[in-house]
Amino acid sequence: MNFNIHKANENEAIKMNDLLTKLIQDERQYDSNIDASFKVSSFYEHYVDDPDRCLLVATDNTEVIGYLYGYIKPLEGGIKEQISAKLDAIFVETEYRKQHIAQSLINHFKTWCKEKNVTSLEVDVCSDNQKAINLYRQVGFEEFKKSLKLYLEQ
């Protein structure tokens with residue numbers, strides 16, 4: 001299958017909102033706190049021209065079949081002046097999975113990061129989402145931090 005990866009335009013960013021809704025709903029299987037009725041109506045189109053944000057789409061002809069959103073993280077106090085980026089969201093339509101689209105999106109993001117002098121990438125993933133963890137490991141991510149959660153009885 002032939003697909004194209006490129007920087008999203010405003011119309012494609014609007015389609016990314018629909019895919020973000022699908023991503024959030026997909027994440028419900030790993031996080032019961034996600035609202036089943038939540039729908040993203042406006043988000044990505046605000047960042048199309050932001051030089052510190054990367055909006056990539058995978059297209060099959062003109063149809064958006066996947067996307068990646070990442071950004072350069074602001075420097076925090078006490079942190080060395082190394083530039084870090086966050087891979088915030090990635091999603092490929094179900095029928096297009098297992099065709100290396102996600103890996104290609106990540107590789108394009110890595111190239112964008114290198115052009116921005118980014119020295120490290122971060123991604124958060126639900127600990128039960130083994131498919132995502134495997135994908136991230138395949139493209140070179142390594143575990144370096146754990147986040148724990150405690151649910152309090154009400």
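## Exercises on a predicted model

Asn-61 is exposed, with a relative accessible area of 72%. The model is a predicted one, and the exercises start from this residue.

**Exercise 1.** State where Asn-61 lies and what is notable about its phi.

Solution.
- Step 1. Asn-61 sits in the loop between S2 and S3.
- Step 2. Its phi is near 60 degrees, which is a positive value in a residue other than glycine.
- Step 3. Most residues other than glycine have a negative phi.
- Step 4. The cut-off for exposed is over 50% relative accessible area, and Asn-61 has 72%.

**Exercise 2.** Work through the place, phi and exposure of Asn-117.

Solution.
- Step 1. Asn-117 is found in the loop between H2 and strand S5 (120-123).
- Step 2. The phi of Asn-117 is near 60 degrees, a positive value for a residue that is not glycine.
- Step 3. With a relative accessible area of 56%, Asn-117 is exposed.

**Exercise 3.** Describe the fold order of the protein chain and judge its compactness from the radius of gyration.

Solution.
- Step 1. The chain has three helices and five strands.
- Step 2. In sequence order they form the pattern β-α-β-β-β-α-β-α.
- Step 3. The radius of gyration is 16 Å, close to the 15 Å that the globule rule gives for 154 residues, so the chain is as compact as a globular protein of that length.
- Step 4. The C-alpha trace spans about 50 × 40 × 30 Å along its principal axes.
- Step 5. Residues 24 or more positions apart supply 60% of the contacts with a separation of 6 or more.

**Exercise 4.** Identify the largest nonpolar core and the elements that build it.

Solution.
- Step 1. Of the 154 residues, 39% count as buried.
- Step 2. The largest nonpolar core holds 26 residues; Leu-68, Leu-87, Ile-90, Leu-105, Ile-106, Phe-109 and Tyr-136 have the most contacts inside it.
- Step 3. Two or more residues each come from strand S2 (53-60), strand S3 (63-72), strand S4 (84-92), helix H2 (101-115) and helix H3 (130-138).
- Step 4. H2 gives the most to this core, seven residues.
- Step 5. Leaving out residues up to four places away in sequence, Ile-106 touches Leu-68, Leu-87, Ile-90, Leu-135, Tyr-136, Val-139 and Phe-141.
- Step 6. Another core, of 18 residues, lies apart from the largest one and includes Ala-13, Met-16, Tyr-44 and Leu-55.

**Exercise 5.** Characterise the exposed area and the charges of the protein chain.

Solution.
- Step 1. The chain exposes about 10300 Å², with 47% of it supplied by carbon and sulfur atoms.
- Step 2. There are 19 positive and 25 negative charges, and their mean positions are 4 Å apart.

How values were computed
Residues are numbered from 1 along each chain as its sequence is written. This is a predicted model: local features need pLDDT of at least 70, side-chain atom pairs count only at pLDDT 80 or more; totals for chains, interfaces and linings use all residues. Side-chain values use heavy atoms; hydrogens and water are left out. Helices (H or I, at least four residues) and strands (E, at least two) are DSSP runs, numbered from the N terminus. The radius of gyration is taken over C-alpha atoms; the globule rule is 2.2 Å times the number of residues to the power 0.38. Buried means under 20% relative accessible area, exposed over 50%, partly exposed in between (1.4 Å probe, protein chains only). Contact means heavy atoms within 4.5 Å. Accessible areas come from the Shrake-Rupley method with a 1.4 Å probe; for residues, only the protein chains shown count as cover. Lys and Arg count as positive and Asp and Glu as negative; His and the chain ends are not counted. The place of a charge is taken as NZ of Lys, CZ of Arg, CG of Asp or CD of Glu. A nonpolar core is a set of buried Ala, Val, Leu, Ile, Met, Phe, Trp, Tyr and Cys residues joined through side-chain atoms within 4.5 Å.
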